Amino acid sequence: MSKFDVEKINQLIKISQLYYESGLNQTEISKQVHVHRTEISRLLKEARSLGIVKVSIDTSFGASENLSNELQEYFSLKKAIVVPTEPHSLYANDLKSIGTYAGNYIQKQVFSNCIIGLSWGRTLATTFDNLSPIKHASGTTIVPMIGGPIGALDVNYQANNLVHTLASKVKNSASYTLDAPVMLSNPSLRDELLASPNSKDVINFWRQMDIAIFGIGSSEITNNLAWRGFYEGTGFRDVFSGPTVGDVLSQPFTVNGQVVKKFNKNLIATELEDLKKVPLRIAIVAGENKAEAILGALRLQLPSVLITTDKTAIAIKKLIH
């Protein structure tokens, strides 16, 4: 290849990158590469003909849209977002994908002076990591909807930390922490902790929330390190020996959407009946092993918005057909 050819190819690559990757229009590209604007279109066509630019159509988006519509209609959801993933992708990669989609959705839902409640978990942490600064809203109040872990849970996944992370992305926002464990051994200790001024403030916000963002636990993940880190030593794992398939905010339920009320009454978390009164309830959850738990939560009408992956949506669909 001659020197001229190398320079020409490099020029085509540069123009293609500016157009397809950087999103510049032809006038902006013309100023950068010092080529007349009318030539840019021709050079882009040449780049495609030489194979420098390859256009592909991802048909999985259509399938995901169909799944979204089916879930939305079947469960009377305000919205279902089904995230397309690669057929044999790792869970960690799926988590990044769902975090990107969930972050984009939440970005548009936050409004000035709203009150937002958060649960805990890796999925929420990934979502907030993918959330761009929210510049159109200010003055929000962000609170945890559940107490802290008993075990050694990664600090990045804890509700109090997630509250601070989200608050850092909304200007002039206020954040509150809940300095109490999720489960207590006796009612008097629970009452004492909840009597503190800070705890009272948080609990009052639970009844005023505009948006709740939460994950869904499953009987299939009780050996998961994060799950164990949160519940180690609480006896919560024993609850899943019966018909219980999942939990939201440490409150277990069956696949038919029946709450298991026999468990710990000394729980520090937003009650499910109060959660159901929140106008916008966003459940972000991935994993085919959580399909039954998600189905139970949907039948209980806990989420008004479900954000999940195509693999998980297909697993849910198999359970209802």
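Residues count as buried when their relative accessible area is under 20%. By that criterion, 50% of the 321 residues of the chain are buried in this predicted model. The C-alpha atoms fill a box of roughly 85 × 45 × 35 Å along the principal axes. The chain has 13 helices and 12 strands. Contacts between residues at least 6 apart in sequence were also examined; 73% of them join residues at least 24 apart.

Two open sheets are described here. One of them has seven strands, in the order β1-β12-β11-β7-β2-β4-β6. Its pairing is parallel. Strands β1 (79–83) and β6 (174–175) form the edges, and each pairs on one side only. Within this sheet, β2 (residues 115–118) and β4 (residues 141–144) pair in the parallel sense. Four bridges join β2 and β4. G117 stands opposite V143 of β4.

The other open sheet has three strands, in the order β8-β9-β10. Here the pairing is antiparallel. The edge strands are β8 (217–218) and β10 (251–254), each paired on one side only. Strand β9 spans residues 244–248 and pairs with β10 over four bridges, in the antiparallel sense. V248 stands opposite Q251 in β10. T244 has T254 of β10 as its bridge partner. The hairpin of β9 and β10 has two residues between the strands. L249 in this hairpin takes a positive phi near 55 degrees.

Although β10 is an edge strand, both of its faces are covered. Q251 and F253 lie on one side and are buried. P252 and T254 lie on the other side and are also buried. Thus two residues already placed in the bridge register, Q251 and T254, are also buried, on opposite sides of the strand.

Helix α12 (residues 291–299) connects this region to other elements through its packing. The helix is mostly covered, with seven of its nine residues buried. These are A291, A293, I294, L295, G296, A297 and L298. They pack against β8, β9 and β10, the strands of the three-stranded sheet. They also pack against β12 (305–309) and α13 (310–320). Strand β12 belongs to the seven-stranded sheet, where its place in the order is between β1 and β11. The buried residues of α12 therefore have packing partners in both sheets. After α12 comes Q301, with a positive phi near 60 degrees.

Two helix pairs were examined for their crossing geometry. The axes of α5 (residues 91–109) and α6 (residues 122–129) come within 7 Å. They cross at roughly 60 degrees. Angles of 65 to 115 degrees count as roughly perpendicular and those under 35 as roughly parallel, so α5 and α6 are oblique to each other. Their crossing is right-handed. On the α5 side, the contact involves Y91, A92, L95, K96, I98, G99, A102, G103 and I106. On the α6 side, R122, T123, T126, T127 and F128 take part. By class, the contact has seven nonpolar, five polar and two charged residues.

The other pair lies earlier in the numbering. Helices α2 (residues 26–33) and α3 (residues 37–49) have axes that come within 8 Å and cross at roughly 100 degrees. This angle makes α2 roughly perpendicular to α3. Helix α2 contributes Q26, T27, I29, S30 and V33 to the contact. Helix α3 contributes R37, I40, S41 and L44. Four nonpolar, four polar and one charged residues make up this contact.

R190 lies in helix α8 (residues 187–194). Residues up to four places away in sequence were set aside for its contacts. R190 then touches L184, K265, N266, L267 and I268. F230 is 40 residues from R190 in sequence. The C-alpha atoms of R190 and F230 are 18 Å apart in space.

How values were computed: Residues numbered from 1 in each chain as written. Predicted model: local features only at pLDDT ≥ 70, side-chain atom pairs only at ≥ 80, totals over all residues. Heavy atoms only, no water. Axes fitted to C-alpha atoms, helices over the stretch in contact; angles between N-to-C directions. Parallel < 35°, antiparallel > 145°, perpendicular 65-115°, else oblique. Left-handed = near helix turned anticlockwise from the far one by under 90°. Contact = heavy atoms within 4.5 Å. Nonpolar A, V, L, I, M, F, W, Y, C, P; charged D, E, K, R; others polar. Pairing = 2+ DSSP bridges. Buried < 20%, exposed > 50% of the residue type's maximum accessible area, 1.4 Å probe, protein only.
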